Amino acid sequence: MSKEFDVVVIGAGPGGYIAAIRAAQLGKTVACIEKWKNPAGQLKLGGTCLNVGCIPSKALLASSEEFENAAKHLGDHGISVSDVKLDVSKMLARKDGIVEKMTKGIEFLFRKNKIAWLKGHGKFTGKNAAGVQIEVSGEGETEVVTAKNVIIATGSKARHLPGIPVDNKLIADNEGALSFDSVPKKLAVIGAGVIGLELGSVWRRLGADVTVLEALPQFLGAADEALAKEAAKQFKKQGLDIHLGVKIGEVKTTANGVSIAYTDNAGNAQELEADRLIVSIGRVPNTDNLGLDAIGLAADERGFIPVDDHCATKVPNVYAIGDVVRGPMLAHKAEDEGVAVAEIIDGQKPHIDYNCVPWVIYTEPEIAWVGKTEQQLKAEGREIKTGQFPMMANGRALGIGRAEGFVKMIADAKTDEILGVHVIAADASDLIAEAVVAMEFKAALEDIGRICHPHPSLSEVMREAALAVDKRALNM
Ligand SMILES: Cc1cc2nc3c(=O)[nH]c(=O)nc-3n(C[C@H](O)[C@H](O)[C@H](O)COP(=O)(O)OP(=O)(O)OC[C@H]3O[C@@H](n4cnc5c(N)ncnc54)[C@H](O)[C@@H]3O)c2cc1C
């Protein structure tokens with residue numbers, strides 16, 4: 001007889017493993033199917049985020065920042081160091097150690113919450129009165145389990161360019177780019193999105209000469225235009241060579257590396273020679289061999305599983321969350337959907353306000369925002385007021401030598417309700433949390449303007465930006 005569970009989750013990325021834990025906390029019997037293997041062939045929990053995404057990229061961003069600071073900026077503090085050297089294999093080992101700690105941590109959480117990890121590939125085989133049947137195969141004996149409720153959390157994988165084979169050595173997607181065994185002299189990046197900018201920054205800080213080729217004519221089109229403009233200025237200053245509006249032609253491997261033919265935004269044919277290439281042109285939802293048709297489901301034309309506002313598919317008791325469904329491909333969005341769906345299965349009525357999901361790009365300075373951009377609000381015909389405060393006028397930012405950027409706030413012109421907060425600054429990923437809380441509570445600018453902020457701290461800029469909207473910033 002097949003094993004039965006109240007909830008079976010397919011995929012143990014941040015969406016799936018969090019959904020499994022919340023369902024278990026609510027007293028359900030839970031299994032989670034996961035097949036991820038690391039390069040050593042070991043099965044691992046944590047999905048893209050922990051294995052080849054958020055966590056390893058932030059580890060390398062931190063290492064490369066330390067290197068660049070030691071090599072270029074310690075002198076500003078009167079500290080002289082000479083002979084700053086990089087040991088790439090040690091840097092990669094540190095990153096791998098962090099990944100190992102985190103993925104092992106989820107194994108512990110699964111044991112603690114009595115979640116069964118079914119190792120292998122999950123595939124729907126049918127449904128009946130008892131529930132949905134899912135076959136688990138690929139690791140040992142194939143088994144079929146029955147689930148009263150299913151949460152599909154199969155995530156996404158890197159999109160590749162047709163005709164450009166990724167070997168993750170010379171031509172890499174995120175997986176290879178997190179494991180280059182040496183610093184390329186010349187690195188080409190196709191795609192100026194979040195992943196391209198973060199990974200391009202890592203290798204630039206370590207000494208690579210980085211050229212980024214982007215098909216879209218606009219830089220960081222999803223961001224507020226003021227932020228995108230400031231980011232372009234900062235990245236140029238740092239030496240990231242970004243070309244917009246290009247059309248990629250033939251990509252060839254050569255004796256020395258890779259050659260990329262492209263047409264620039266003026267229509268001229270160009271050729272870029274590089275030691276290595278990172279292809280970061282977005283991600284594709286994972287629904288390969290999932291057997292969706294066996295339960296009457298199909299992916300849409302872009303590969304996503306269609307769901308309603310509460311992550312329910314059209315099949316009763318089958319939900320889908322995270323990168324495999326609409327919305328931003330962000331780990332915290334996947335996690336929040338995981339919690340919400342587990343609670344819905346439990347009969348609760350949770351709600352996610354997608355307008356309050358923050359976006360972050362972990363470059364230097366970091367870029368983060370929540371709510372709407374000025375251009376979105378103007379297109380909607382909203383009457384708004386805006387204000388900005390520079391990090392340069394903040395004592396803490398000057399003290400830590402990271403005074404680039406600003407905070408911009410947008411509010412409704414009449415009610416003062418905060419509609420968008422846009423930060424380009426050191427630690428923007430942490431600063432934005434205050435704005436998320438404020439927007440979740442439907443706060444007005446006046447609320448942030450009246451809250452006592454610690455001094456000296458970067459967070460004072462949040463208050464000053466709120467005051468700046470009504471032209472009453474105190475330190476400017
Ligand atoms: C380089 C990089 C950096 C990133 N940095 C950030 C960041 O800083 N912040 C942020 O919010 N987001 C970041 N992201 C995005 C983030 O990783 C994803 O949004 C997040 O991992 C999505 O979570 P998920 O649970 O939906 O899917 P995933 O994390 O992709 O996990 C899905 C899991 O399902 C498994 N699976 C798939 N199909 C099956 C099947 N049929 N049977 C069994 N198992 C299956 C896969 O093996 C995988 O482990 C980054 C991504 C990349 C690539």
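Helix packing, ligand shell and backbone oddities

Trainee: Let's start with helix 3 and helix 6; at what angle do they pack?

Mentor: Happy to, and keep in mind that this is a predicted model. Helix 3 covers residues 54–73 and helix 6 covers residues 194–205. Their axes are 8 Å apart, and the packing angle is about 35°.

Trainee: Is the crossing of helix 3 and helix 6 left-handed or right-handed?

Mentor: Look at who touches whom: in helix 3 the contact includes S57, L60, L61, E65 and F67, and the helix 6 side includes E198, L199, V202 and R205. By class, this contact has five nonpolar, three polar and seven charged residues. As for the hand of the crossing of helix 3 and helix 6, it is left-handed.

Trainee: Helix 3 also meets helix 4; which residues of helix 4 take part?

Mentor: Helix 4 spans residues 88–112, and its axis comes within 9 Å of that of helix 3, crossing at roughly 145°. This crossing is right-handed. From helix 3 come I55, P56, A59, L60 and S63, and they meet these residues of helix 4: M91, L92, R94, K95, I98, V99 and M102.

Trainee: How many residues of each class does the contact of helix 3 with helix 4 hold?

Mentor: Good one to sort by side chain. L60 in helix 3 meets helix 4, and L60 is also listed in the contact with helix 6. For helix 3 with helix 4, the division is nine nonpolar, one polar and two charged.

Trainee: Now the ligand: which residues are closest to it?

Mentor: Its shell is made of 38 residues. They divide into 16 nonpolar, 17 polar and five charged. The closest are E34, T48, K58, D323 and A331.

Trainee: How far is the polar side-chain atom of E34 from an oxygen atom of the ligand?

Mentor: It helps to set a few polar contacts side by side. A polar backbone atom of L330 is 3.2 Å from an oxygen atom of the ligand, and an N or O atom in the side chain of K58 is 2.6 Å from a ligand oxygen. For the polar side-chain atom of E34, the distance to an oxygen atom of the ligand is 2.6 Å.

Trainee: What percentage of the ligand's exposed area does the protein bury?

Mentor: Begin with the ligand taken alone, which exposes 1000 Å². The share of that area buried by the protein is 95%.

Trainee: And which element gives the largest share of the shell around the ligand?

Mentor: Several elements give two or more residues, among them helix 1 (14–25), strand 2 (30–34), helix 3 and helix 8 (331–345). The largest share is four residues, and the element that gives it is helix 2.

Trainee: On to the backbone: which residue follows H455 across a cis peptide bond?

Mentor: There is a cis bond between E364 and P365 too, with omega about -5°, and P365 lies in the loop between strand 18 and strand 19. For the bond from H455, omega is near -10°. The residue it leads to sits in the loop between helix 12 and helix 13, and its name is P456.

Trainee: Last one: what is the phi of N168?

Mentor: First place it: N168 is in the loop between strand 7 (156–158) and strand 8 (171–172). N168 is not a glycine, yet its phi is positive, at about 60°.

Definitions and conventions. Residues numbered from 1 in each chain as written. Predicted model: local features only at pLDDT ≥ 70, side-chain atom pairs only at ≥ 80, totals over all residues. Heavy atoms only, no water. Axes fitted to C-alpha atoms, helices over the stretch in contact; angles between N-to-C directions. Left-handed = near helix turned anticlockwise from the far one by under 90°. Contact = heavy atoms within 4.5 Å. Nonpolar A, V, L, I, M, F, W, Y, C, P; charged D, E, K, R; others polar. Near = heavy atom within 4 Å. Polar contact = N/O pair within 3.5 Å; in protein donor to acceptor, adjacent residues only side chain to side chain. Areas by Shrake-Rupley, 256 points an atom, 1.4 Å probe, with all protein chains shown as cover.
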